Amino acid sequence: NFGTPDMSNYTIQSDVRAGLKEMGGQRHIPDPGVINQRYMMMLYGNHQRLQIHTWSGALATEQSGAGGLQRTIPFKWEPDKWYTMKLRVEQADGKAVARGKVWPQGEKEPDAWTIELEDAMPNRSGNPGLFGHSLVTPYKSEIHYDNVLVTSN
């Protein structure tokens, strides 16, 4: 993480590339992600999904249940290829709205958001950050980040 924990109403953007390991006839692709105000947007490699979820350290609530608040969609992406991830969190009307998009690096940014999560019990602030789960030894693979931008909404 970087920045300060009192930051709010900003957008984080980063280019990411996840590697690939093949062992025992199986492909293992790690999970890169970005963090904004205690919301995380993750690309799940092995499962080919995109997810926004609340900070995993947050206590479970009646709204979020034991698993926390999350939105997951199928999202096909390739290892060893650069993608741009963008996550914006806006505070409004007693809630937070986290919107994310992912597209191949160097291509035109899509107009529409790819995924959205509305939180009626919002995280009001939190510093930006990068996250990566490179799986476990001996399947560890690399995740690269580049061109990290944090901008005010």
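Let me begin with one pair of residues: Thr-84 has Trp-103, in strand E9, as its bridge partner. What you see above is a predicted model, and I will work outwards from that pair.

Thr-84 belongs to strand E8, which covers residues 83-92, and E8 is joined by ten bridges to strand E9, residues 95-104, with the two strands running antiparallel. Further along, Arg-88 is matched with Arg-99 of E9 as its bridge partner. The two strands make a hairpin with two residues between them, and in that turn Asp-93 has a positive phi of about 50°. As for its surroundings, E9 is mostly covered, since eight of its ten residues are buried.

On to the next strand. E9 is also joined to E10, by five bridges and again in an antiparallel manner, and here Ala-98 finds its bridge partner in Leu-117 of E10. As a reminder, strands of a sheet pair through backbone hydrogen bonds, either parallel or antiparallel.

Which order do the strands of the sheet follow? The sheet is an open one of five strands, in the order E10-E9-E8-E1-E12, with antiparallel pairing. Strand E10 (115-119) and strand E12 (143-152) stand at the edges, and because each has a single partner strand, one side of each is left without a neighbour in the sheet. On average, and ignoring direction, neighbouring strands of this sheet are turned by 15° against each other.

Now to a residue in another strand, Asn-36, which is found in strand E4, residues 31-36. Is Asn-36 buried or exposed? Its relative accessible area is 0%, and Asn-36 therefore counts as buried, the cut-off for that being under 20%. A polar atom of the Asn-36 side chain lies 3.0 Å from the backbone oxygen of Leu-87. If we leave aside neighbours within four places in sequence, the residues in contact with Asn-36 include Leu-87, Arg-88 and Val-89, and also Tyr-10, Thr-11 and Ile-12.

Finally, the aromatic rings. A pair of such rings is described by the distance of the centres and the angle of the planes. The count here comes to one aromatic pair: the rings of Trp-77 and Tyr-83 have centres 6.1 Å apart and planes at 90°, so the pair is edge-to-face. Trp-77 is buried, with a relative accessible area of 4%, and Tyr-83, at 5% relative accessibility, counts as buried too. One further ring deserves a mention, that of Trp-113, because the charged end of Lys-101 sits over it, 4.5 Å from its centre.

Definitions and conventions:
Residues are numbered from 1 along each chain as its sequence is written. This is a predicted model: local features need pLDDT of at least 70, side-chain atom pairs count only at pLDDT 80 or more; totals for chains, interfaces and linings use all residues. Side-chain values use heavy atoms; hydrogens and water are left out. Two strands pair if DSSP finds at least two bridges between them. Helices (H or I, at least four residues) and strands (E, at least two) are DSSP runs, numbered from the N terminus. Axes are lines fitted to C-alpha atoms, for helices over the stretch in contact, and angles run from 0 to 180 degrees between N-to-C directions. Buried means under 20% relative accessible area, exposed over 50%, partly exposed in between (1.4 Å probe, protein chains only). A polar contact is a pair of N or O atoms within 3.5 Å; within protein, one must be able to donate a hydrogen and the other to accept it, and residues adjacent in sequence count only if both atoms are side-chain atoms. Contact means heavy atoms within 4.5 Å. Rings of Phe, Tyr and Trp (its six-membered ring) pair if their centres lie within 6.5 Å; planes under 30 degrees apart count as stacked, over 60 as edge-to-face and the rest as tilted. A charge sits over a ring if NZ of Lys or CZ of Arg is within 6 Å of the ring centre and within 35 degrees of the ring normal.
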